[in-house]
Amino acid sequence: MTYTSSLLRLLDERGYLHQLTDAEGLDALAAKQVVPGYIGFDATAPSLHVGSLVQIMLLRRLQQTGHKPVVVMGGGTTRIGDPTGRDESRKMLSDEAIEANIASIRTIFERFLTFGDGPTDAVMVNNHDWLGKLGYIELLQQVGTHFTINRMLSFDSVKLRLEREQPMTFLEFNYMILQGYDFRHLARAMGVRLQMGGSDQWGNIVNGIELTRRMDGQEVYGVTTPLLTTADGAKMGKTAAGAVWLNDDALPAYDFWQYWRNADDRDVGKFLRLFTDLPLDEIARLEALQGSEINAAKIVLANEVTRLCRGDEAARAAEATASATFAGGGVGQDLPEFDLPAEGIGLVEALVGIGFAASRGEAKRLIAGGGARIDGEGIADEGFHIPGGTEVRISAGKKKHGVLRPVSAG
RNA sequence: GGACAGGUGGCCGAGUGGUUAAAGGCAGCAGACUGUAAAUCUGCCCGCGCAAGCGUACGCUAGUUCGAAUCUAGCCCUGUCCA
């Protein structure tokens with residue numbers, strides 16, 4: 001359908017829409033007033049990773065089209081654990097750890113959203129603030145009456161766990177109730193009218209909408225984004241080295257940049273639309289590049305996303321390093337480094353030391369497989385000794401490069 | 001509380017006394033081909049050791065045995081049904 005509100009038009013054009021609870025209703029609302037909308041985020045780690053980037057961008061789009069983003073940190077729900085998509089119960093985190101995680105995650109949002117007191121300024125709230133105050137009896141009476149066990153059991157998050165014969169505790173079973181309560185609370189306390197989230201959150205969002213309607217008679221809306229996978233079917237944001245974290249201190253900017261630079265050809269257009277602010281006609285042009293020319297588009301993608309998430313400087317440095325490293329065969333600023341002692345170092349030790357191999361055995365296998373290089377030169381001898389004195393470039397495979405830098409005398 | 005089924009390497013999943021560091025698949029790493037892409041093919045994929053080898057590992061503990069992931073006992077955990 002064609003939307004009249006700039007919000008839904010933008011979301012539609014750029015590929016954010018999967019399901020809407022009431023497309024016309026929301027479209028009409030967004031066309032005539034500022035819609036405060038929220039997305040909930042976990043506080044289980046000190047950083048979010050690329051898997052959450054769609055949701056973050058969604059809040060950014062909300063603000064770009066004149067609405068108010070509300071970031072809900074799951075300080076309360078993290079204490080329970082979302083059973084969605086999980087076989088195993090989540091570990092409990094201490095209160096201090098959760099608070100620290102929230103503070104760290106906030107720094108990411110500050111890059112994507114403008115916070116403040118204005119009507120369309122972003123705010124961040126913590127659902128522990130209201131969930132923590134709820135008494136058990138109060139919760140059962142007010143909220144519990146609106147949920148039937150029959151319905152709760154029919155939710156995928158519950159059903160899958162039962163089908164796979166994995167345990168689900170009563171604690172986790174309550175997650176959806178508290179999640180739903182969040183929406184109702186926010187609608188009441190802050191006039192929030194929209195919740196967004198990944199497609200796996202559909203059930204939770206619908207619960208919140210119904211609860212809000214039943215308790216307060218207030219009409220609220222829900223939007224979900226498609227489940228994002230890379231073209232080869234993997235979940236976004238996971239690499240060999242682990243999750244692609246958004247926070248500076250969790251993943252170096254160069255590695256972050258490389259993640260995007262190595263995107264699958266087929267994903268380039270989609271990623272540009274979702275994760276950058278580039279205009280659509282520009283994206284269409286980049287996306288249409290054929291053969292190896294698409295690499296230019298990947299560089300634009302890497303630059304733009306890194307710029308948003310890590311800042312202009314980080315993006316430029318990462319690109320410079322990449323171009324020096326790959327095109328020039330030299331070394332760039334941002335590469336990982338390891339000390340090169342004056343007397344030199346064994347190749348195996350260097351590979352382990354710089355983090356390219358997890359164990360000596362792995363380093364040896366890498367060498368035996370022909371994947372180790374010094375200054376671009378393949379080294380097949382696992383007893384190879386790297387002489388000290390001059391800086392050398394060490395590589396594991398074609399993509400992982402680092403620098404062995406002589407330790408300054410004294 | 002009772003009956004039954006089950007707990008194997010990152011995941012899935014074979015394996016019922018030695019030849020099992022444990023089949024196979026997925027994921028991952030490297031090589032070839034390329035474009036720092038995909039697909040394909042090849043090799044690798046617990047740790048230490050140049051190596052012979054050593055150490056650790058099949059829920060936990062104690063046993064039986066020359067020898068156990070495999071047998072026994074107790075315990076812990078999970079599921080299903082019953083109370």
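**Strand E5 and its neighbours in chain A**

**View 1. Pairing of strands E2 and E5 in the predicted model.** Tyrosine 38 has glutamine 195 of E5 as its bridge partner. Strand E2, which spans residues 36-41, pairs with E5 in the parallel sense. Two bridges make up this pairing.

**View 2. Pairing of strands E5 and E6.** Strand E6 covers residues 221-225 and runs parallel to E5, to which five bridges join it. One of the residue pairs involved is glycine 198 with threonine 225, the latter lying in E6. Between the two strands the chain passes through helix H11, formed by residues 202-216. The resulting β-α-β crossover from E5 to E6 is right-handed.

**View 3. Cover of strand E5.** Residues 194-198 form strand E5, and five of these five residues are buried. The strand is thus described as mostly covered. In a regular strand, side chains alternate between the two faces of the sheet.

**View 4. Chain A as the setting for the close-up views.** Chain A contains 18 helices and 15 strands. Its C-alpha atoms fill a box of roughly 75 × 50 × 40 Å along the principal axes. Of its 410 residues, 49% count as buried. The accessible surface of the chain amounts to about 18900 Å², and carbon and sulfur atoms contribute 51% of that area. Among contacts between residues at least 6 apart in sequence, 71% join residues at least 24 apart. Chain A carries 42 positive and 53 negative charges, and the mean positions of these two sets are 3 Å apart.

Note on methods
Residues are numbered from 1 along each chain as its sequence is written. Chains are lettered from A and ligands numbered from 1 in the order in which they are written. This is a predicted model: local features need pLDDT of at least 70, side-chain atom pairs count only at pLDDT 80 or more; totals for chains, interfaces and linings use all residues. Side-chain values use heavy atoms; hydrogens and water are left out. Buried means under 20% relative accessible area, exposed over 50%, partly exposed in between (1.4 Å probe, protein chains only). Helices (H or I, at least four residues) and strands (E, at least two) are DSSP runs, numbered from the N terminus. Two strands pair if DSSP finds at least two bridges between them. A crossover is right-handed if, with the strands pointing away from the viewer, the path from the first strand over the helix to the second runs clockwise. Contact means heavy atoms within 4.5 Å. Accessible areas come from the Shrake-Rupley method with a 1.4 Å probe; for residues, only the protein chains shown count as cover. Lys and Arg count as positive and Asp and Glu as negative; His and the chain ends are not counted. The place of a charge is taken as NZ of Lys, CZ of Arg, CG of Asp or CD of Glu.
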